[in-house]
Amino acid sequence: MNQIRCTDVSFLVRREAGPGCLCSRCLLPIFDKLIKIVPITDAALMAENREWRYHLMCLDRRKVDCGESYQKLPF
């Protein structure tokens with residue numbers, strides 16, 4: 001799996017998949033029926049109470065390559 005990029009957005013509010021839950025990479029909603037991936041971060045980042053969350057397809061480039069364009073996303 002890919003690592004967290006410096007361009008990925010971190011969130012201070014933890015959310016379950018559903019309304020208001022956005023992907024850190026593409027910033028599109030992570031709906032109830034999709035899997036939310038939350039990578040394990042080091043203790044310093046966890047102390048700041050930050051969360052990165054991703055669609056599986058945004059984090060795993062081996063499955064689909066969306067490039068940097070949100071218009072190419074498969075969902």
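Here are some exercises with worked solutions on the predicted model shown above.

## Exercise 1: Get your bearings

Work out how many helices and strands the protein chain has, and in which pattern they follow each other.

**Solution.**
Step 1: Start with the tally, which comes to two helices and two strands for the protein chain.
Step 2: Now walk along the sequence, and you'll read off the pattern β-α-β-α.
Step 3: Add some numbers for the chain as a whole. The protein chain has 75 residues, and 28% of them are buried. Its accessible surface is about 5300 Å², with 58% of that belonging to carbon and sulfur atoms.
Step 4: Take a look at contacts too. Of those between residues at least 6 apart in sequence, 46% join residues at least 24 apart.

## Exercise 2: Hunt for disulfides

Find out how many disulfides there are, checking Cys21 and Cys58 along the way.

**Solution.**
Step 1: Recall what you're looking for: a disulfide is a covalent bond between the sulfur atoms of two cysteines. For the count, the two sulfur atoms have to be within 2.5 Å.
Step 2: Apply that cut-off, and the count is zero disulfides.
Step 3: Check Cys21. Its nearest cysteine sulfur belongs to Cys23 and sits 8.7 Å away, and Cys21 is in no disulfide.
Step 4: Check Cys58. Here the nearest cysteine sulfur is that of Cys26, at 3.7 Å, and Cys58 is in no disulfide either.
Step 5: Finish with burial. Cys21 counts as buried because its relative accessibility is 0%, and Cys58 is buried too, with a relative accessible area of 3%.

## Exercise 3: Follow Arg25 to its partner

Determine which side chain Arg25 pairs with in a salt bridge, and whether Arg25 is buried or exposed.

**Solution.**
Step 1: Place Arg25 first: you'll find it in the segment before β1, a strand covering 36-37.
Step 2: Now judge its burial. The cut-off for buried is under 20% relative accessible area. Arg25 has 16%, so Arg25 is buried.
Step 3: Look for a partner. Side chains of opposite charge can pair when their charged atoms come close. In this model, Arg25 and Asp8 form a salt bridge at 2.7 Å, N to O. Their side chains are also joined by a polar contact of 2.7 Å.
Step 4: Ask what this pair connects. Asp8 and Arg25 both lie in the segment before β1, so the salt bridge ties together parts that are 17 residues apart in sequence.
Step 5: Don't forget the partner's burial: Asp8 counts as buried, because its relative accessibility is 9%.

## Exercise 4: Piece together a network

Show how salt bridges join Arg14, Glu51 and Arg53.

**Solution.**
Step 1: Note the total, which is three salt bridges in the structure.
Step 2: Take the pair Arg14 and Glu51, whose side chains meet at 3.9 Å, N to O. Arg14 is in the segment before β1, while Glu51 is in the loop between α1 (43-47) and β2 (54-55), so this pair ties together parts 37 residues apart in sequence.
Step 3: Compare accessibility. Arg14 is partly exposed at 44%, whereas Glu51 is buried at 5%.
Step 4: Go to the pair Glu51 and Arg53, whose salt bridge spans 2.6 Å, N to O. Arg53 counts as buried, with 2% relative accessibility.
Step 5: Put it together: the salt bridges share partners, and they join Arg14, Glu51 and Arg53 into one network.

## Exercise 5: Spot what's unusual about Leu27

Describe the phi of Leu27, then its surroundings.

**Solution.**
Step 1: Begin with the general rule: most residues other than glycine have a negative phi.
Step 2: Look at Leu27, which isn't a glycine, yet has a positive phi of about 65°.
Step 3: Place Leu27 in the chain: it lies in the segment before β1, and it is partly exposed, with a relative accessible area of 42%.
Step 4: List the contacts, skipping neighbours within four places in sequence. Leu27 is in contact with Val9, Phe11 and Leu22.
Step 5: Set sequence against space. Leu27 and Tyr54 are 27 residues apart in sequence, and their C-alpha atoms are 8.9 Å apart in space.

Methods: Residues are numbered from 1 along each chain as its sequence is written. This is a predicted model: local features need pLDDT of at least 70, side-chain atom pairs count only at pLDDT 80 or more; totals for chains, interfaces and linings use all residues. Side-chain values use heavy atoms; hydrogens and water are left out. Buried means under 20% relative accessible area, exposed over 50%, partly exposed in between (1.4 Å probe, protein chains only). Helices (H or I, at least four residues) and strands (E, at least two) are DSSP runs, numbered from the N terminus. A polar contact is a pair of N or O atoms within 3.5 Å; within protein, one must be able to donate a hydrogen and the other to accept it, and residues adjacent in sequence count only if both atoms are side-chain atoms. Contact means heavy atoms within 4.5 Å. Accessible areas come from the Shrake-Rupley method with a 1.4 Å probe; for residues, only the protein chains shown count as cover. A salt bridge is a side-chain nitrogen of Lys or Arg within 4 Å of a carboxyl oxygen of Asp or Glu.
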